[in-house]
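Grab a coffee and work through these exercises with the structure open in your viewer. Try each task before you read its solution.

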Amino acid sequence: MKTSRYVVLLGPFVILAMVCLMIPLFITILPSFFTPGFSFSYYTDFFTDSFSRNILIRSLRLSLITTVICIVIGLPASYYISLMKENRRRIILSLILFPLLTNAVVRGFAWISILGKNGLINQLLQCLGLVDEPVKLLYTDFAIVVGSVYLFLPVMLSTLTSVMEGIGEDVIEAAYSLGAPPVATFFKVIVPLSFSGVLVAGVLVFAGTISAYTTPTLLGGNQNMMLATLLYQQSNTLSNWTNSAVIAFIMILISLGVMKIFNLIAATVDKRAEGHV
Amino acid sequence: MSYGELRHINVSYDKKNFVLQDLSLDIHEGELLSLLGPSGCGKTTTLRVIAGLIDPVGGTFELDGTDMTHVQVHKRNFGMVFQSYALFPHLTVFDNIAFGLKLRNVEEAAIRKQVGKIMEICGIEGFEKRFPKQLSGGQRQRVALARALVIEPKLLLLDEPLSNLDAQLRLQMRTSIKRIQQELGISSVFVTHDQEECFSISDQVAIMQNGKIEQCDSPEQIYSHPASEMVARFVGFRNFFTVEQAVGLHIVAGNFDKMATMMCIRPEDIVLGDKTFSVSMPGTVEVRTYLGKAYQYEVKTPLGMVTVASSEDTVYAVGATVGLGFPREKLVFLN
Amino acid sequence: MYKHRLVTIVAWLCFAFIFLPLILIVVTSFNSADSISLPLEGFSLQWFVKVFRSRSLVQSLKNSLVLALVSSTIGIVFGLLSSIALVKRPGKISTILLSIFLSPSLIPGIVIGYVLFHFLVVSLQLPLNLALILGHLLVVMPYSVRIICASLKDIDESLEEAALTLGCPPSRAFMKVVLPNLRPAMISAFMLSFINSFNNIPVSMYLKGPGMNTLPYAMMNHIEYNYDPTVSALSVMLMGLTLVLMIAMDWSMSAQRLKSKAAQGE
């Protein structure tokens with residue numbers, strides 16, 4: 001292909017990526033390193049301020065919890081799906097993908113109806129006479145985790161299922177024939193062989209949870225802020241450009257950092273696999 | 001003067017390493033020319049130069065007296081069958097075959113007639129409305145052939161067309177291709193790495209290595225008189241000696257081309273007898289393998305290890321002393 | 001094959017966890033009670049009627065549909081052009097550009113929304129509707145590039161060469177034999193782009209303005225002030241739309257799989 005044609009074909013998206021992504025990122029974030037001389041003081045401020053530091057820690061903690069829950073539920077559930085017959089598996093997989101394609105507001109709204117003060121769970125508990133006062137479930141860290149798990153479990157399931165389908169029955173049968181009981185087979189064969197899938201999906205869940213805005217807003221409220229809600233508050237409500245830039249840059253660093261760590265782990269795992277062959 | 005002439009063709013992608021180097025080749029009218037060689041020898045590149053899909057950095061290509069070197073692919077009117085068949089997945093068999101005719105603005109009725117005729121020749125009548133994905137490998141192959149032939153090409157180019165078929169189908173298809181090629185009398189260039197396939201259908205064979213043609217001859221000539229050690233090895237010669245060694249051991253007398261430095265012989269052409277065998281060189285059997293029709297022996301001789309295949313009744317044990325005879329007419333001398 | 005009972009239990013709890021909330025929304029949208037509660041009181045379509053009575057919801061629905069349609073359409077056209085260049089001329093530059101094109105799906109949406117707002121609206125003072133389209137174009141860019149690139153790589157390179165040898169001029173070969181085989185990928189790319197643009201909140205949220213609200217954000221506002229099944233009804237309609245898109249996409253994907261298999265000559 002001639003260079004001129006190459007340039008023309010790529011032109012629209014290159015310009016878009018430059019004007020709407022690269023340049024804005026650069027221009028927005030650069031000032032956060034100047035006070036007015038080059039310094040990290042905005043960043044040290046962010047980390048020393050207990051309010052923002054707590055939000056960062058909460059974001060990391062809730063994302064980690066969400067990821068772990070997704071993995072713990074996702075492994076057995078995907079194993080179950082991968083053992084289903086072709087037709088049923090196809091149906092269940094498209095059903096699982098369905099919530100992934102619905103709006104985050106719709107999904108958050110469903111959990112408001114369930115966890116709210118007059119929500120389903122409280123109605124149920126009061127009916128049964130277990131509690132007199134409604135239990136506070138909504139606007140808690142718990143609600144954020146439930147909502148986030150709900151948001152990202154389908155990602156975990158679809159990724160893990162496709163990995164487990166690739167494991168092949170012969171490996172499992174080989175384990176059985178060597179005398180491994182089913183439980184041992186699951187933990188010693190299926191889980192390690194699904195490791196790459198767990199890694200991929202885990203990164204998606206973690207990065208997704210830590211950068212989600214809608215779910216923490218709807219289910220966490222103003223009290224339980226995460227980085228995304230803090231960024232929106234700082235930029236839109238308070239118009240604090242430098243703080244916003246600091247948060248934005250930290251969020252980018254976390255997302256890219258998680259990717260980087262993931263790549264490193266994946267590389268070592270690959271090497272280990274080669275060593276075995 | 002031949003029908004098609006490639007002269008001093010050079011192909012290079014980086015202007016340092018040459019994929020084809022000073023390659024010249026003749027294509028005779030109505031004949032099937034095969035390009036044979038190991039993978040990476042430049043045979044497909046040569047075919048693509050002929051097709052016009054690759055521009056050579058130097059050299060000329062003439063066809064029927066016309067210079068084709070710089071004629072664009074779509075104006076050459078050559079039919080090409082690709083290794084992957086390259087059938088258009090979104091078109092039916094009929095539309096695939098009619099593709100070239102429609103581009104030539106042939107009338108609807110004429111298209112139907114020509115397509116019908118070529119489908120009959122290629123043995124795919126009745127598949128008009130199917131899509132490529134609904135066909136078997138052999139059927140796809142025939143559609144690809146029909147599509148290339150229906151435009152009445154000046155030259156038919158086939159790029160390893162049989163490599164994706166199973167062994168039995170391959171045998172059947174190569175006979176079909178040969179029959180159709182002869183029936184239509186179309187000059188063809190056929191690329192393959194399968195020696196048997198190549199020799200069975202070709203009128204001329206060009207054996208290639210490292211972007212050069214080692215030998216271009218009829219299959220019979222190549223089989224009996226390979227021109228180089230590479231060709232000789234390619235067509236089944238296993239035993240190579242220097243002429244000096246052979247003269248020293250009285251295997252040959254002085255009645256041969258004085259330019260020759262090497263000589264070779266096939267395992268099955270060596271005569272094997274016991275040690276009393278008259279015109280022989282002694283040797284000891286070291287390895288014996290059973291080939292079905294014959295036994296193959298690795299014999300240790302003053303010439304070094306010699307491979308002999310013998311279908312005689314007498315079977316020699318490992319360790320046995322034997323006599324080897326080298327019939328003069330079976331020895332091939334190489335420069 | 002043997003399945004431990006625990007696996008089965010976890011799996012079904014997991015399915016229940018995923019589907020029950022959505023079922024709850026569907027059920028309560030047809031309930032006549034004016035809050036989201038069980039047991040059901042009676043069948044009613046009033047909440048569906050209410051959706052169409054709400055001017056802000058209807059207006060933002062229109063905005064979102066137009067926005068998703070425009071950005072997805074432009075997105076797949078540009079995505080096709082870029083994919084052709086990236087696939088037909090592989091190399092270092094193409095690899096870097098591809099990762100840039102895919103990066104909006106790696107950078108948190110809220111950050112993209114913020115920097116777009118800061119640069120396009122505050123610094124460049126672009127009109128909001130233009131900024132919104134540019135922002136959504138950025139949102140759909142990774143989907144169109146990834147899907148179309150993958151499909152283009154799958155298509156046998158010899159197709160174009162075959163067309164050339166049959167007498168097709170180079171300018172028309174791509175249109176005649178490659179483009180028709182990219183159709184399923186283009187449809188999938190369009191639908192995924194559409195869904196992602198339509199559902200996007202972080203970018204729209206920053207670039208909204210008077211009369212320029214999008215549906216998801218309007219729904220969020222609605223939830224803040226009115227806690228009634230209107231949003232359930234709207235959600236049911238959106239799920240219906242998603243379902244239609246999903247079925248269409250599944251159909252086009254499976255058609256594509258068959259065709260690419262044929263192209264590989266299997």
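**Exercise 1. Find which residues of α5(A) and α1(C) meet, then work out how the two helices are oriented.**

Start with the contact list, keeping in mind that this is a predicted model. From α5(A) come V106(A), A110(A), W111(A), S113(A) and I114(A). Their partners in α1(C) are P21(C), L22(C), L24(C), I25(C) and T28(C).

Next, sort these residues by class. The contact of α5(A) with α1(C) holds 8 nonpolar residues, 2 polar and no charged.

Now the geometry. Helix α5 of chain A covers residues 104-115, and helix α1 of chain C covers residues 5-29. Their axes are 9 Å apart, and the packing angle is about 80 degrees. Angles of 65 to 115 degrees count as roughly perpendicular, so α5(A) is roughly perpendicular to α1(C).

**Exercise 2. Describe the whole contact of chain A with chain C: how many residues does each chain bring, and which helix of chain A gives the most?**

Count first: 63 residues come from chain A and 63 residues from chain C. On the chain A side, helix α1 (residues 3-29) gives the most, with 15 residues.

Then look at the chemistry. The side of chain A that touches chain C has 50 nonpolar, 12 polar and 1 charged residues.

**Exercise 3. Do the same for chain C against chain B: how many residues are in contact, and which elements of chain C supply them?**

Here 21 residues of chain C are in contact with 25 residues of chain B. The elements of chain C that give two or more residues to this side are α7 (158-165), α8 (170-199) and α11 (230-263). Of these, α7(C) gives the most, with 6 residues.

By class, this side of chain C comes to 12 nonpolar, 5 polar and 4 charged residues.

**Exercise 4. Check the length of α5(C), then decide where it bends and whether it is enclosed or open.**

Step one is the expected length. The helix runs over residues 109-123 of chain C, which makes 15 residues. The expected span is 1.5 Å times one less than the number of residues, so α5(C) should span 21 Å. The C-alpha atoms at its ends are 20 Å apart, which agrees.

Step two is the bend: α5(C) turns by about 25 degrees at F117(C).

Step three is burial. In α5(C), 12 of the 15 residues are buried, so the helix is largely enclosed by the rest of the structure. Among the buried residues are G109(C), G113(C), Y114(C), H118(C) and L120(C). F117(C), where the bend sits, is buried too.

Finally, step just past the helix: Q125(C) takes a positive phi of about 55 degrees.

**Exercise 5. Two residues of chain B, D22(B) and E160(B), have a positive phi; place each one and say whether it is buried or partly exposed.**

Take D22(B) to begin with. Its phi is about 50 degrees, although it is not a glycine. D22(B) is found in strand β2 (residues 18-27) of chain B. Because it has 14 C-beta neighbours inside 10 Å, D22(B) counts as partly exposed.

Now E160(B). Its phi is near 40 degrees, and again the residue is not a glycine. E160(B) lies in the loop between β7 (155-159) and α5 (167-184) of chain B. It has 21 other C-beta atoms within 10 Å, so E160(B) is buried; the cut-off for buried is 20 or more.

**Exercise 6. Locate K330(B) and work out its surroundings.**

K330(B) lies in the loop between β17 (321-325) and β18 (332-334) of chain B. Leaving out residues up to four places away in sequence, K330(B) touches I265(B) and D269(B). Its neighbour count is 15 C-beta atoms inside 10 Å, so K330(B) is partly exposed.

**Exercise 7. Sum up the fold of chain A, and find its cis peptide bond.**

Chain A has 13 helices and 0 strands. Its C-alpha atoms fill a box of roughly 70 × 70 × 35 Å along the principal axes. Of its 277 residues, 43% are buried.

For contacts in chain A with a separation of 6 or more, 74% are between residues 24 or more positions apart.

The cis bond runs from T35(A) to P36(A), with omega near -5 degrees. You'll find P36(A) in the loop between α1 and α2 (41-48) of chain A.

Note on methods. Residues numbered from 1 in each chain as written. Chains lettered and ligands numbered in written order. Predicted model: local features only at pLDDT ≥ 70, side-chain atom pairs only at ≥ 80, totals over all residues. Helix = DSSP H or I, 4+ residues; strand = E, 2+ residues; numbered from the N terminus. Contact = placed C-beta atoms within 7 Å. Nonpolar A, V, L, I, M, F, W, Y, C, P; charged D, E, K, R; others polar. Axes fitted to C-alpha atoms, helices over the stretch in contact; angles between N-to-C directions. Parallel < 35°, antiparallel > 145°, perpendicular 65-115°, else oblique. Bend = angle between axes of the 7 residues up to and from the residue.
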